[in-house]
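Biologist: Before I plan anything at the bench, I would like to go through this structure with you and hear the reasoning behind each label.

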Amino acid sequence: MAIRLETISAGLAKPLWVRDGEDLRTVISAINKTPVSTIIQPEAVEVKATGIVSDEQADPQVHGGTEKALYMYPQEHYPFWSSLLSEAKGQSIHLEHGYLGENLTISGLNEHDVYVGDRLRIGAIECAVTKLREPCYKFTAKTGVATAAKAMIQGARSGWYLRVLQGGIIQAGDAITIIPGPRECSIAQQNHALLQRGD
């Protein structure tokens, strides 16, 4: 199966409501991403060492910085999330790419196929896979579902972070080429290890 970049998403850091016990408070988060390049409208997007030029991260120590410059996520997981949220909220919910906070929504690749240290070529850029995404309380706040974070790790639906080795221009529709690394630990294996630590 061909591996393809489906959507590029970006967003600015804004207040996000989170529940703290019985109280509600706001924190600054950039989890809300919207598409800036799609298959229907494949706009060119510039990527630098710190990620997409038009994107922000509220807390670079947790999400962002050079080791987590881009967050990549398989579109094949989206039906699961639409179903989970629809059931939890009692209404039919359709999710747009970028909803999970990812920058790059892709097809043809998942957590079982990707290993830490693999390199990915996308358009004019080259990236290295660094680690899985560990969902935090902001992800729970975004979805409004208390079990969402555990479901992400339990089902190996975490997606993964990329370090940018070579910046440049990308756009939706670009093919993705994998250059295998040492292949010692897959992202799915990282999900499993994180789940074991949490039990």
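Modeller: Let me begin with a cut-off: a disulfide is a pair of cysteine sulfur atoms within 2.5 Å. Please also keep in mind that this is a predicted model.

Biologist: What makes the sulfur of C127 too far from the closest cysteine sulfur for a bond?

Modeller: The closest cysteine sulfur to that of C127 is in C185, at 19 Å, and a disulfide needs the two sulfur atoms within 2.5 Å, so this pair is too far apart for a bond. By the same rule, the count of disulfides comes to zero.

Biologist: Why is C127 called buried, and why is C136 called partly exposed?

Modeller: Buried means under 20% relative accessible area, and C127 has 0%, so C127 counts as buried. C136, at 22%, falls between the limits of 20% and 50%, and therefore counts as partly exposed.

Biologist: Which residues have the most contacts inside the largest nonpolar core, and which strand gives the largest share of it?

Modeller: That core has 29 residues, and those with the most contacts inside it are L70, M72, L104, W160, L162 and I170. At least two core residues each come from several elements, including strand 1 (4–10), strand 7 (70–74), strand 11 (160–166) and helix 4 (187–198), while strand 10 gives the largest share, four residues. Leaving out residues up to four places away in sequence, L70 touches, among others, V47, L104, C127, W160 and L162. Apart from this core lies another, of 20 residues, with Y73, Y78, A148 and M152 among them.

Biologist: E126 is in strand 10; how do you know that E126 is buried?

Modeller: The relative accessible area of E126 is 12%, which is under the limit of 20%, so E126 is buried. The side chain of E126 is joined to that of R119 by a polar contact of 2.7 Å, and E126 is also in contact with residues including L120, R163, V164 and I179, its neighbours within four places in sequence being left aside.

Biologist: What puts the buried residues of helix 1 on the same side?

Modeller: Helix 1 covers residues 78–89 and reaches 16 Å from its first C-alpha to its last, close to the 16 Å expected. Its buried residues are Y78, W81, S82, L85 and S86. They cover an arc of only 130 degrees around the axis, and therefore lie on the same side of helix 1. As a general point, an α-helix has 3.6 residues a turn, so residues three or four places apart point the same way. The buried residues of helix 1 pack against strand 7, strand 8, helix 2 (137–143) and helix 3 (148–154), whereas P79, E87 and A88 are exposed on the other side. Helix 1 is followed by G90, whose phi is positive, near 70 degrees.

Biologist: A156 and R183 are not glycines, yet each has a positive phi; why is A156 called buried and R183 partly exposed?

Modeller: A156, with a phi of about 50 degrees, is in the loop between helix 3 and strand 11; its relative accessibility of 9% is under 20%, so A156 counts as buried. R183, with a phi of about 60 degrees, lies in the loop between strand 13 (176–179) and helix 4; its 34% is between 20% and 50%, and therefore R183 counts as partly exposed.

Note on methods:
Residues are numbered from 1 along each chain as its sequence is written. This is a predicted model: local features need pLDDT of at least 70, side-chain atom pairs count only at pLDDT 80 or more; totals for chains, interfaces and linings use all residues. Side-chain values use heavy atoms; hydrogens and water are left out. A nonpolar core is a set of buried Ala, Val, Leu, Ile, Met, Phe, Trp, Tyr and Cys residues joined through side-chain atoms within 4.5 Å. Buried means under 20% relative accessible area, exposed over 50%, partly exposed in between (1.4 Å probe, protein chains only). Contact means heavy atoms within 4.5 Å. A polar contact is a pair of N or O atoms within 3.5 Å; within protein, one must be able to donate a hydrogen and the other to accept it, and residues adjacent in sequence count only if both atoms are side-chain atoms. The expected span of a helix is 1.5 Å times one less than its number of residues. The arc is that of the directions from the helix axis to the C-beta atoms.
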